[in-house]
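Please look first at the place where the ligand is held, and then at the pairs of aromatic rings. The paragraphs below take these two topics in turn.

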Amino acid sequence: MLQNPEYIRDAIKKILDQIPQDVTVLAAVKKRNLSEVYAAIDAGIIHFGHNYVQEAQVMFDDIPVEVHGKTYWHLIGHLQKNKVKHAVKIFNSIDSVDSLNLGKQIDNFCQEMGKVMPILIEINSAREENKNGVFPENVVELIQHLEIFQNLSIDGLMTMGPVTEKPEDIRRYFRITRDLFDELSKIKQKNLNMHILSMGMSDSYRIAIEEGANLVRIGTLLFGPR
Ligand SMILES: *Cc1c(COP(=O)(O)O)cnc(C)c1O
């Protein structure tokens with residue numbers, strides 16, 4: 001159901017009032033339309049997340065440059081190899097990097113385009129077989145291997161966590177990711193700039209913040225159920 005702009009603005013104001021000031025709300029906008037995005041911008045949202053490169057491109061075609069310039073677009077969905085070049089062109093940040101090969105390809109295209117791409121490493125914190133993300137025990141090694149890529153800025157970690165019945169059940173996976181974040185923050189490495197911990201969605205963002213998230217990705221709670 002498409003909510004009216006007032007609903008969206010109220011929902012966003014409510015969340016922004018509740019959370020600590022140093023936590024950023026990223027609006028997850030998969031399958032949302034431009035009027036919903038505009039309502040979010042009106043309410044003070046700057047960070048947006050898309051799951052798909054193509055869907056983002058369609059939306060960006062309709063966003064005036066001056067609006068686009070005031071917003072910051074994250075790719076939060078899995079990035080397919082054949083979409084890397086396009087993604088590097090249109091996103092401000094790629095928050096779902098989970099392999100050396102993907103990091104290498106992003107770096108290659110960034111080098112061609114003369115830019116440095118902020119990335120987050122996606123952690124498969126519950127070690128689920130069929131999920132994207134790096135297993136926690138493999139993250140240090142991946143990050144060390146990414147050191148040679150000067151057109152990447154490894155800014156932090158992202159995790160989804162498992163789908164659980166009770167949001168409270170997800171806390172331990174946020175904690176695992178937070179512990180990794182703390183461990184990685186001690187490593188000194190040229191392109192490593194650990195400062196973003198992206199965890200929590202509509203049903204779990206409070207728990208995520210309690211566990212140290214400073215970026216929460218929220219869709220349903222801002223825009224209504226769909
Ligand atoms: C859809 C999505 C969200 C937001 O989920 P809601 O439950 O609607 O808040 C967050 N992160 C990712 C990666 C998503 O795909």
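In this predicted model, an oxygen atom of the ligand lies 2.8 Å from a polar backbone atom of Gly219. Two side chains also approach oxygen atoms of the ligand. For Lys30, a polar side-chain atom is found 2.8 Å from a ligand oxygen, and for Asn51 the corresponding distance from a polar side-chain atom to a ligand oxygen is 2.7 Å. Each of these pairs may be called a polar contact, because that term applies to N or O atoms within 3.5 Å of each other.

How much of the ligand's accessible area does the protein cover? On its own, the ligand has 380 Å² of accessible area, and the protein covers 87% of it. The site that holds the ligand is the largest pocket. Among the residues that surround the ligand are Ala28, Ile76, Met160, Met201, Ser202, Arg217, Ile218 and Thr220, together with Lys30, Asn51 and Gly219. Sorted by class, this shell contains 5 nonpolar, 4 polar and 2 charged residues.

The second topic is the aromatic rings. A search of the whole structure yields 3 aromatic pairs. One of them joins Phe48 and Trp73: the ring centres are 4.8 Å apart and the planes meet at 20 degrees, so the pair is stacked, since planes under 30 degrees apart count as stacked. Where in the chain do Phe48 and Trp73 lie? Phe48 belongs to strand S2 (residues 47-50), whereas Trp73 belongs to strand S3 (residues 72-75); the pair therefore ties together parts that are 25 residues apart in sequence.

Notes: Residues numbered from 1 in each chain as written. Predicted model: local features only at pLDDT ≥ 70, side-chain atom pairs only at ≥ 80, totals over all residues. Heavy atoms only, no water. Near = heavy atom within 4 Å. Polar contact = N/O pair within 3.5 Å; in protein donor to acceptor, adjacent residues only side chain to side chain. Areas by Shrake-Rupley, 256 points an atom, 1.4 Å probe, with all protein chains shown as cover. 1 Å grid on protein atoms, 1.4 Å probe; cavity = no way out; pocket = protein on both sides within 12 Å on 5 of 7 lines; lining within 4 Å. Sits in = over half its atoms within 2 Å of the grid points. Nonpolar A, V, L, I, M, F, W, Y, C, P; charged D, E, K, R; others polar. Phe/Tyr/Trp six-rings, centres within 6.5 Å; stacked < 30°, edge-to-face > 60°. Helix = DSSP H or I, 4+ residues; strand = E, 2+ residues; numbered from the N terminus.
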